[in-house]
Amino acid sequence: MPFNSFDEYPMSWKPNISNISAPIYIAIAEQLEQDIKEGVLLPGTKLPPQRELADFLDVNLSTITRAFKLCGQKGLIYASIGSGTFVSSDAAANKILLPTSNAAHLIELGSVLPDAYANEEITRYMKKMLNDSNVSKLFQYGRPEGNAWQTEAAAKLLEKVGFQTDQPILLGAGGQNAIVGTLAALFHPGDRIGTDPITYAGIKTAANMLGIQLVAIQQKNGEMTKEGLLYACKNEHIKGLYVIPDFHNPTTHTMSVETRKMIAEVARQKGLIVIEDAIYSFLKEQPLAPIAFYAPEKVVYIASVSKTISPGLRLSFIVTPSALRKKIIETLYNINISVSPVMVELTARLIQDGVAQTILEKHRLYAKQQNALVNQYLGEYNILGDAECMFRWLLLPKKFTGVQFELLAAKAGVQVYAAERFAVGNAKPVNAVRLAITAPENSTQLEQALTVLKELLESDGDYAFVD
């Protein structure tokens with residue numbers, strides 16, 4: 001400890017490393033992680049400057065830098081150039097948004113799931129396929145692009161959203177698999193990628209795993225601004241951009257044509273790689289042209305059948321710029337070796353025979369029916385989302401935070417997900433929760449959940465702050 005005492009000096013964090021066995025930078029990182037997870041350091045807390053912390057602990061500045069880097073790679077802290085280092089808004093939130101066995105007693109409005117009726121229809125179709133005389137060939141390894149007939153089916157599906165391409169269509173084992181493969185192929189640990197301030201939790205877990213930092217891009221009216229994007233290019237040194245243009249998860253927003261064109265323009269000017277996650281685009285009856293249409297040489301376009309047909313098919317379609325295709329193919333090979341030829345062939349047949357389109361239309365109809373119930377019960381509140389969208393974004397009264405409302409809803413038997421789970425960096429999330437309205441087993445169960453949520457919203461403000 002230096003001669004000048006820090007006892008009375010105001011610092012947001014004063015770690016104690018007097019009794020350590022690990023290397024100092026690891027010990028500091030472990031204590032920082034522990035203090036964040038135990039609530040000693042709250043989300044949004046600004047940490048002491050690295051040089052100040054080094055003086056306090058009487059260690060080299062590089063030691064603090066290495067410790068902060070470890071926690072940054074885990075997504076626990078967020079460095080904003082010119083502003084300092086903060087505890088991430090979602091540091092204490094669970095970023096894996098799938099139902100768990102200990103949540104079996106809850107009505108599921110958390111995980112975004114399509115209605116399950118289609119799975120029986122797909123099962124019947126699969127049994128028919130397995131009776132074919134040459135079906136045994138489907139249990140060999142598959143090719144990255146499938147065969148010509150399967151590629152034709154994938155292109156046919158992409159045409160449903162107005163995206164026609166003459167580029168080969170690669171196959172991934174689901175949308176998340178394609179995202180991870182693209183990130184691993186095209187970016188390196190320490191790289192920075194721009195996103196919306198509130199975004200899909202899966203890109204956050206993937207970035208954390210790969211040591212990539214997400215940077216929240218300034219928004220106006222729910223969309224990235226050109227000024228914010230250019231600022232991030234110049235000052236945050238982003239190398240890529242991740243966007244969900246249709247039915248943004250979780251906010252439900254659909255990006256305007258003007259913003260799509262702007263992103264394409266900036267990507268060209270600044271050499272950005274754009275990852276366009278089009279997983280929900282097929283649900284729109286009148287889809288807009290994708291960003292890839294305006295800048296195909298800069299956009300990796302990812303579509304998935306998990307929300308269109310069934311999550312269990314685990315299949316995604318990836319259209320890449322020709323210059324990036326080899327890297328992505330190699331990375332997907334290292335992750336998957338091969339996408340299941342059984343799933344590829346089954347999906348191709350569903351598309352070619354029109355069954356996929358029938359299922360998609362039924363998904364849309366069911367979403368509209370469920371959304372009508374949502375409007376009936378919660379229409380007096382500020383709840384966003386189109387009739388075709390599988391989830392809604394409920395902006396809460398001021399008496400609630402998202403985390404508080406999520407906890408209260410769970411205690412009352414309903415699983416919802418708070419905005420904090422989707423926050424990027426030190427962006428302060430709005431008080432909101434996402435409601436996955438097609439996830440309940442039926443409309444009766446949805447009505448039960450909506451009744452519970454309405455009662456919570458109408459409850460006295462003091463009730464919202466129970467532990």
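These are a few worked exercises on the predicted model shown above.

Some ground rules before we start. Numbering runs from 1 along each chain as its sequence is written, and side-chain values use heavy atoms, with hydrogens and water left out. Since the model is predicted, local features need pLDDT of at least 70 and side-chain atom pairs count only at pLDDT 80 or more, while totals for chains, interfaces and linings use all residues.

**Exercise 1. The whole chain**

Task: work out how the radius of gyration of the protein chain sits against the value for a compact globule.

Solution:
- Start with the rule: the radius is taken over C-alpha atoms, and the globule value is 2.2 Å times the number of residues to the power 0.38.
- Put in 467 residues and you get a value near 23 Å; the chain has 24 Å, which agrees.
- For the outline, the C-alpha atoms fill a box of roughly 80 × 55 × 45 Å along the principal axes.
- Next, burial: 55% of the 467 residues count as buried (under 20% relative accessible area; exposed is over 50%, partly exposed in between, with a 1.4 Å probe and protein chains only).
- Then contacts (heavy atoms within 4.5 Å): among those between residues at least 6 apart in sequence, 75% join residues at least 24 apart.
- Last, the inventory is 15 helices and 17 strands, taken as DSSP runs numbered from the N terminus (H or I, at least four residues, for helices; E, at least two, for strands).

**Exercise 2. Helix H12**

Task: check the span of helix H12 (residues 341-352), then decide whether its residues are buried or exposed.

Solution:
- The expected span is 1.5 Å times one less than the number of residues.
- For the twelve residues of H12 that comes to 16 Å, and the end C-alpha atoms are 16 Å apart, so the two agree.
- Now burial: twelve of the twelve residues are buried, so H12 is largely enclosed by the rest of the structure. Polar and charged names are on that list too, including Glu345, Thr347, Arg349 and Gln352.
- What does the covering? It includes helix H4 (117-130), helix H5 (148-158), strand S4 (169-172), strand S12 (316-319) and helix H13 (355-378).
- Zoom in on Met343, which sits in H12 and is buried, with a relative accessible area of 17%.
- Leaving aside neighbours within four places in sequence, Met343 is in contact with Met126, Gly312, Leu313 and Leu315. Gly312 is 31 residues from Met343 in sequence, but their C-alpha atoms are 9.1 Å apart.
- After the helix comes Gly354, with a positive phi near 85 degrees.

**Exercise 3. Helix H6**

Task: run the span and burial checks on helix H6 (residues 175-186).

Solution:
- Twelve residues reach 17 Å from the first C-alpha to the last, close to the expected 16 Å.
- Ten of the twelve are buried, so H6 is largely enclosed by the rest of the structure. Among them are Asn177, Ile179, Val180 and Leu183.

**Exercise 4. The sheet**

Task: lay out the open sheet of seven strands and find its edges.

Solution:
- The order is S4-S12-S11-S10-S9-S5-S6, with mixed pairing. Pairing takes at least two DSSP bridges between two strands.
- S4 and strand S6 (213-216) stand at the edges with a single partner strand each, so one side of each has no neighbour in the sheet.
- From one strand to the next the twist averages 25 degrees.
- S4 and S12 run antiparallel, joined by four bridges, and Leu170 stands opposite Ile318 in S12.
- S11 and S12 are antiparallel as well, again with four bridges; Tyr301 has Val319 in S12 as its bridge partner.
- In S12, Ser316 and Ile318 point one way, Phe317 and Val319 the other, and all are buried.
- Strands S5 (residues 192-195) and S9 (residues 240-243) run parallel, with two bridges between them. There, Gly194 partners Leu241 in S9.

**Exercise 5. Glu406**

Task: find which side chain makes a polar contact with the side chain of Glu406.

Solution:
- Glu406 is found in helix H14 (residues 402-411) and is buried, with a relative accessible area of 11%.
- Not counting residues up to four places away, Glu406 touches Gln415, Val416, Tyr417, Ala418 and Arg421.
- The polar partner is the side chain of Arg421, at 2.6 Å. A polar contact here is a pair of N or O atoms within 3.5 Å; within protein, one must be able to donate a hydrogen and the other to accept it, and residues adjacent in sequence count only if both atoms are side-chain atoms.

Terms used. Axes fitted to C-alpha atoms, helices over the stretch in contact; angles between N-to-C directions.
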